[in-house]
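Visitor: Please take a close look at the inside of this protein. I would like to see what is packed away there, and where empty space is left.

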Amino acid sequence: MSTAEAAETAEAREPSSRIKFSSPRQIPIVGVVTEDEEVQGAFKSMDLNRVIRLFEETGKDDLEERQLKSVKKLVQCYQNGFPLRDLAQIFKILNLCAEKIKTQPHFIEPAYNIIKLCGLPFLKKKASDEITYAEDTANSVGLLGDLMKIQNSELRIQICKCIIDFYHAEPPKKHITGYQQASSSYKIKMAEVGGLAKTMIQSLELLENQLVEKLWVLKALQHLSTSEVNCTLMVKAQAASGICAHLNDPDPSGQLLFRSSEILWNLLEKSSKEEVIQQLSNLKCLLALKEVFKNLFIRGVSHYDRQLRNDILVITTIISQNPGAPMIESGFTRDLILFATFNEVKSQNPLVKGLKLSNSYEDFELKKLLFNIIVILCKDLSTIQLLIDGKVILALFTYVKRPEKHKILEWSAAQYEELQLHAIATLSSVAPFLIDEYMFYNGNAQVLEFLAWCDNEDSFFSHGNSFHGAGGRGNKFAQMRYSLRLLRAMVYLENDTINKDLCEKGAIQQLIGIFKNTISKYNDKEEAILLEIQSDILLILSGLCEHHTPGKEIFGTGGVDIILHVMKTDPKKLQSGLGYNVLLYSTLDSIWCCILGCYPSEDYFLEKEGIFLLLDLLALNQKKFCNLILGIMVEFCDNPKTAAHVNAWRGKKDQTAASLLIKLWRKEEKELGVKRDKYGKIVDTKKPLFTSFQEEQKIIPLPANCPTIAVMDVAENIRAKIYAVLGKLDFENLPGLSAEDFVTLCIIHRYLDFKIGEIWNEIYEEIKLEKLRPVTTDKKILESITAASENIGKMVVSLQSEMIESQARQDVQNEQKVYTKIQATHKQRELANKSWGNFLARTSNAKTLKKAKRLQEKAIESSRYGERPPNAIFHRTDIKGLNATVPSGGVVTVESTPARLVGGPLADTDIALKKLPIRGGALQKLSALWKITGSELSYKSSAYTQSCETD
C-alpha cells in the first residue's frame, strides 16, 4: 500500500487494562437451521467453548487445519456483528490466534477477519446487556491495542480501521432476529474504560520506520483524542512529547504533521494543559517545532500549509509561557523575532531574503500571532538582548504613525488598523524592558505626535472590527486608548529621564487638552472607552507630577478644573459598571500627586469648593474610597485655609464634617469588632482600641524590623486618619455634634495615647514570652507606662459617664418642658370650653345674662379710681341700658370740646356749607388754622385711647 493511500483513511482513540475473561457460558447447540431463519439473518449458533478447547489442544497432525476451519466458520456465523454476550470468548479466540501468528503465519488471515468484524456495531439481545457485559467488552476492546505488537502491517492497519469505525458506525447489512444494535457511543465508552488510547500510544514506539502504519495509528489517535478521558490516558503515556518529537519526520503526503498537530491541540484542550506544556518543554520537541515552522514559513504556499503554520505557532506560543522551556537554547526565539520584524526592518538574513507576506487572512493572522509571542518572550529577561538585536522597538514604531494618504500598503485598511493597534499594545509590554532603545528612537516624541493626530478633527474612518478596536468604530478613540496605555506603562517606570523628557515636550498641557476635548465629545455609545481614556490621562499626569514640583505648577488651574469636573459626576453612575469607579480612583490619585504640595493649586482647589466635593464623596459612605479621601483630607488640612471650608460644609439633614467623621469612626469600629457598650463607652480600659482580630491573634515575639499587630492596625483601617483630620481641625468647638458624638470624640481625642499604651503593652508581653527579665528601673518604667495608659482609659470612661448623665438630665428637663407645654395647652382648652359654656348660658337665659351684666358692671366700677382728680373731665365708655355682656365698641361721648371748633359732624364735607350743623351753628371762618402734624396726631390719638381705657 502506498503512503498516499495510507493517508486517505485514518482516525483513532485509547487503551489501558489487561483482559479479564468471565467464566465461559454454555451455548445450546441447535442441530438444524432452516432456510427461513437464514434468510431472516439469524445466527448459526456455534459452540465457542469447543473452538477455544480446539485451540488449546496440541500434538495432532490436522490440528492447524481444523483450527483455521473453525475460525472461518466463526467469521461466517458472526458476519453481521458480534453479540455482547459472546464477545469475551471471541476475543479469547482472537488472542489465541495472535499467539500462533509468530510461528504459524496462516493465522494472520483469521485474525484479520475477526478484527474486521469488530468494526461492526455490537449486538445486544436485552437492553441490559450493555451494562451486564460492560467489563468483558471493555477488556476485549482494550485488547486491540495489545494486538499492535504483532509485526504485520495489514493486521495493524486493520486494527486502526476497526478503531476508526467506532466513530463511524454503519448499520448491519441484515436485521438479526432477536438482536438490537448497541448504542453508537457504547464502543467509544468501552474504549475509554479499556484504556485503548494508552496502548495505541505505546504502539507508536514500535513503528519508528513504518510510515504507513504510523499514519494509520495517528489517524486512530486523532479520533481517540476527542475524548477527555482518552486525552488524560494519552498524557500519562507521554503522548505529547512522543508525538511532537517526530513532527519533522519525512512524510511526502504531509499527513503526519497534520494529524500530529491535531492530536497536540486536543491534548492541550481536553487534558491537563500544564502537564502537556511540561512534556513539550524540552529541547527535542522545540527543535522539531522550530524546523517544522521554519519550513512552512519559508516554503509553504498553499492555504493548507499556512493554516498548519499558524497552528504550529499557536502551540509554540503556549509552550513559551513556560519559563523553563529552552526557547533561546533551541534558537527558536531568534528566528521568531526575525520573522516578526523582517517586513518592517530590512534584514540580510538568508532565511527571509526575498520573502514577503501577502494580505491573505492566514498571513494576517500570522503577523498578529508573532506580535503576541513577542509579548510573551519579553518576560524572560534573557531574551532582551535578542529583542535589541532584532530591532523590535524600531519595527513596532513603524506603526505608530498617522496613515499617509496615497501610500500603497501591503495590507487592507482594516488589516493595517488592526495591526497598528496590536503593535502599539505590544509596545506597551515590550518598551518598559527596552528603555534605552525606546529613548534612542525618540519614543516619547513619536507617541505624543501620534496622540496629537488622534485628538485633531481630521477625517478618519476606523473599522473597529478587532478586539483592540472595540469602541473605536468611525473615530480614533482606539488608537488614543492604546497610545495612552503605552505612555502610562513608560511613566510608571518612574524613570527620571523619560518623565523629564515628556514634561519638556509639553505632555502635561497636551494631555489636559485631550481630556477637555473628550468631555466635549461625550456620547453614550463611546462612554466606556472615553472613561478609560480619561482614567489613563489622569494616571499619566499623576505619574509625571508626583515627584516633580515644576510639573505640578504646569498642571495648574487647567488641571484642577478637569479634576473638579470629574468630582461633580452623579454618584449614581458609580454603580453603573462603566468605569466611573476607576475614573474616580484616578481622580483622587491626581489630587494627591498633582495638587497637594503646590500651594497655588491647593488654594484654587479650595476656592472652587473642592473640599466640599471631597466631603460629598466621603458622605456616600463607600468603603473603597474612604481611606484615600481621608488621606487627602489629612494632607489638605496642613493648609490653614482648609479648616474653614471643612467646618462650613453641610451634608444631608444639615450634617457637619465633624459629625460625618465621628459617624465613620463608629462604623469602622463596629466592623472591626471593637468592644463598646450601648452608649459607645469604653468597655475594657486596658485595651480600649483592641479589634476582634487582635483579640484572636496571640502576641508572638517578632524581629525589630517587623511591625507588630498594633502597629499594622494603624495602616489597615481609617481610625488614624480620622484622628489626624479632627486633630488638625482642633477637637474643641466642633459644630453640629450630638451627645453620642461627644462620647465617641472622647475616645478619638485620646487615640494616640491609647495606641502608644497598646504598643508598650505588646513590648511588655513579648519580653515575658521570651522569658527576659528587665532591670528594676526598666520594669518600673514599663509598669508605670501601662498603668498610665489604663488611667487615661478610666479618665475617659469617667468623662463619658458624666456626658451621658448630663445628657440624661437634659433629656429629663426637655421632657418636663414638653409636658408643661402640653399641660398649658390642655388648661387653655379647658378655659376656652368654660368660656364657651358661659356664653351659651348667657344667650339662652335672660336671668343669667342680667346677672353676668351686673357682675361685669361691678367689675368695671371696681377697676376705676376711687377719687377723681380735680378739674378732670370724665368720658363714659359704655352705653346705658344695653343688655349685653359683650364689651361695647369704641364709643366715647365728648362734651368738653366747643362746637364752634369742630363745626359739627359734617364739618369736613361740602354739605356743611349748605346745611346747619346739628349742634354749634354754622361753620365759621377762622383767621388762623390749627396745623397738626401726623406724628402729633398719632401721639394724641394714642394718648386719648389710653385715657379712655383707664376710665
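**A look inside**

Guide: Start with helix α6, residues 108–118, in this predicted model. Its buried residues are Ile108, Pro110, Ala111, Ile114, Ile115, Leu117 and Cys118. An α-helix has 3.6 residues a turn, so residues three or four places apart point the same way. The buried residues of α6 pack against four helices: α4 (63–77), α5 (87–101), α9 (153–165) and α10 (186–193).

Now the cysteines. Cys77 counts as buried because its relative accessibility is 9%, under the 20% cut-off. Cys593 also falls under that cut-off, with a relative accessible area of 4%, so Cys593 is buried too. The nearest cysteine sulfur to that of Cys593 belongs to Cys594 and is 6.0 Å away. A disulfide needs two cysteine sulfur atoms within 2.5 Å, so Cys593 is in no disulfide. For the structure, the disulfide count is zero.

Next, the empty space. Rolling a probe the size of a water molecule over the atoms shows where empty space is left. The structure has four cavities of 30 Å³ or more.

Take the largest cavity. It holds about 80 Å³ of space. Its lining begins with Val566, Met567, Thr569, Asp570, Pro571 and Leu574. Tyr580, Leu583, Leu584, Leu617 and Leu620 complete the lining. Two elements give two or more residues to this lining: α30 (549–567) and α31 (580–595). Helix α31 gives the most, with three residues. By class, the lining of the largest cavity has nine nonpolar residues, one polar and one charged.

Move on to the second largest cavity. It holds about 70 Å³ of space. Asn621, Lys623, Cys626 and Leu664 line this cavity, together with Lys667, Glu668, Glu671 and Ile718. Here the elements that give two or more residues are α34 (623–636) and α36 (657–672). Helix α36 supplies the largest share, four residues. The lining of the second largest cavity divides into three nonpolar residues, one polar and four charged.

Set the two linings side by side. Nine nonpolar residues and one charged residue are found around the largest cavity. Around the second largest cavity, the counts are three nonpolar and four charged. Each lining has one polar residue.

Methods. Residues are numbered from 1 along each chain as its sequence is written. This is a predicted model: local features need pLDDT of at least 70, side-chain atom pairs count only at pLDDT 80 or more; totals for chains, interfaces and linings use all residues. Side-chain values use heavy atoms; hydrogens and water are left out. Buried means under 20% relative accessible area, exposed over 50%, partly exposed in between (1.4 Å probe, protein chains only). On a 1 Å grid over the protein atoms alone, a cavity is a set of points where a 1.4 Å probe fits but cannot get out, and a pocket is an open set with protein on both sides within 12 Å along at least five of seven lines; lining residues have an atom within 4 Å of a point. Grid points are joined across faces, edges and corners, and a volume is the space filled by probe spheres set on the points. Ala, Val, Leu, Ile, Met, Phe, Trp, Tyr, Cys and Pro count as nonpolar, Asp, Glu, Lys and Arg as charged, and the others, Gly among them, as polar. Contact means heavy atoms within 4.5 Å.
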